[in-house]
Amino acid sequence: MTLTDDATTRAQQLIQFIRDEIPLAHTMDLQLGECSDDMLSLLAPLAPNVNDKGCAFGGSLVSLMTLSGWALVELALRRLGHDCDVFVAESTVRYLSPLWQDFRSEARLSADADWATFFNTLKARGRARIEVACVVPGEDGKPAATLSARFVAKRRD
């Protein structure tokens, strides 16, 4: 399901917020790719994210995946009017192959996670966690890097 124009505008505003408030995101030149209720992708050019070998820097890959997962959760909360602090509580990253070009991270809920449980827990406890899976596709269509992360949302009031 693709987001409406209003929802896409919210997503673009969120990415601008990330770029404005997180200097690393601005330096990485991250941009909004695609977004839907279940997926959000961020794009990054190779040039500001290159390592000493000329390929994508691992720190940029993990940062882009973490930010895309965070943005997926944050956007879902904003869409439903929840005012929460969201943070990554735990993550595991795997680097599978080098990237020699501009790259993107795609964030989706993990197979065993769902928004209904997340929002029901948030309503009941004022705090909830959700598992997100992120991937940076490689040149051959196989993952170049993956991130499995648990994000926590805590109501601000």
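Which element gives the most to the lining of the largest pocket? Keep that question in mind as you look through these close-up views of a predicted model.

**View 1. The largest pocket and its lining.** Strand 5 is the element that gives the most to this lining, with five residues. Helix 4 (115–125), strand 5 and strand 6 (143–155) each supply at least two residues. In total, 14 residues line the largest pocket, and those that lie nearest its centre are Thr-117, Thr-121, Ala-128, Arg-129 and Ile-130. Sorted by character, the lining holds seven charged, five nonpolar and two polar residues. The space inside the largest pocket comes to about 300 Å³.

**View 2. Strand 4 and its two partners, strand 2 and strand 5.** Strand 4 covers residues 103–109, and five of its seven residues are buried, so this strand is largely enclosed by the rest of the structure. With strand 2 (residues 39–44), strand 4 pairs in the antiparallel sense over six bridges. To find this pairing, look for Phe-103 of strand 4, which stands opposite Ala-44. Strand 4 also pairs with strand 5 (residues 127–137), again in the antiparallel sense, over four bridges. Here you can look for Leu-109, whose bridge partner in strand 5 is Val-132. As you trace any regular strand, remember that side chains alternate between the two faces of the sheet.

**View 3. The two sides of helix 4.** Which residues of helix 4 are buried? They are Trp-115, Phe-118, Phe-119 and Leu-122. Seen down the axis of helix 4, these buried residues fall within an arc of 90°, so they line one face of the helix. A handy rule helps here: an α-helix has 3.6 residues a turn, so residues three or four places apart point the same way. Now turn to the face away from the buried side of helix 4, where you will meet the exposed residues Asn-120, Ala-124 and Arg-125.

**View 4. Helix 3, a mostly covered helix.** Helix 3 runs over residues 58–79, a stretch of 22 residues. From its first C-alpha to its last, helix 3 reaches 31 Å, which is close to the 32 Å expected at 1.5 Å a residue. How many of the 22 residues of helix 3 are buried? The count is 16, and helix 3 is thus mostly covered. Before you leave this view, find Gly-81 just after helix 3: Gly-81 takes a positive phi of about 80°.

Methods:
Residues are numbered from 1 along each chain as its sequence is written. This is a predicted model: local features need pLDDT of at least 70, side-chain atom pairs count only at pLDDT 80 or more; totals for chains, interfaces and linings use all residues. Side-chain values use heavy atoms; hydrogens and water are left out. Buried means under 20% relative accessible area, exposed over 50%, partly exposed in between (1.4 Å probe, protein chains only). Two strands pair if DSSP finds at least two bridges between them. On a 1 Å grid over the protein atoms alone, a cavity is a set of points where a 1.4 Å probe fits but cannot get out, and a pocket is an open set with protein on both sides within 12 Å along at least five of seven lines; lining residues have an atom within 4 Å of a point. Grid points are joined across faces, edges and corners, and a volume is the space filled by probe spheres set on the points. Ala, Val, Leu, Ile, Met, Phe, Trp, Tyr, Cys and Pro count as nonpolar, Asp, Glu, Lys and Arg as charged, and the others, Gly among them, as polar. The expected span of a helix is 1.5 Å times one less than its number of residues. The arc is that of the directions from the helix axis to the C-beta atoms.
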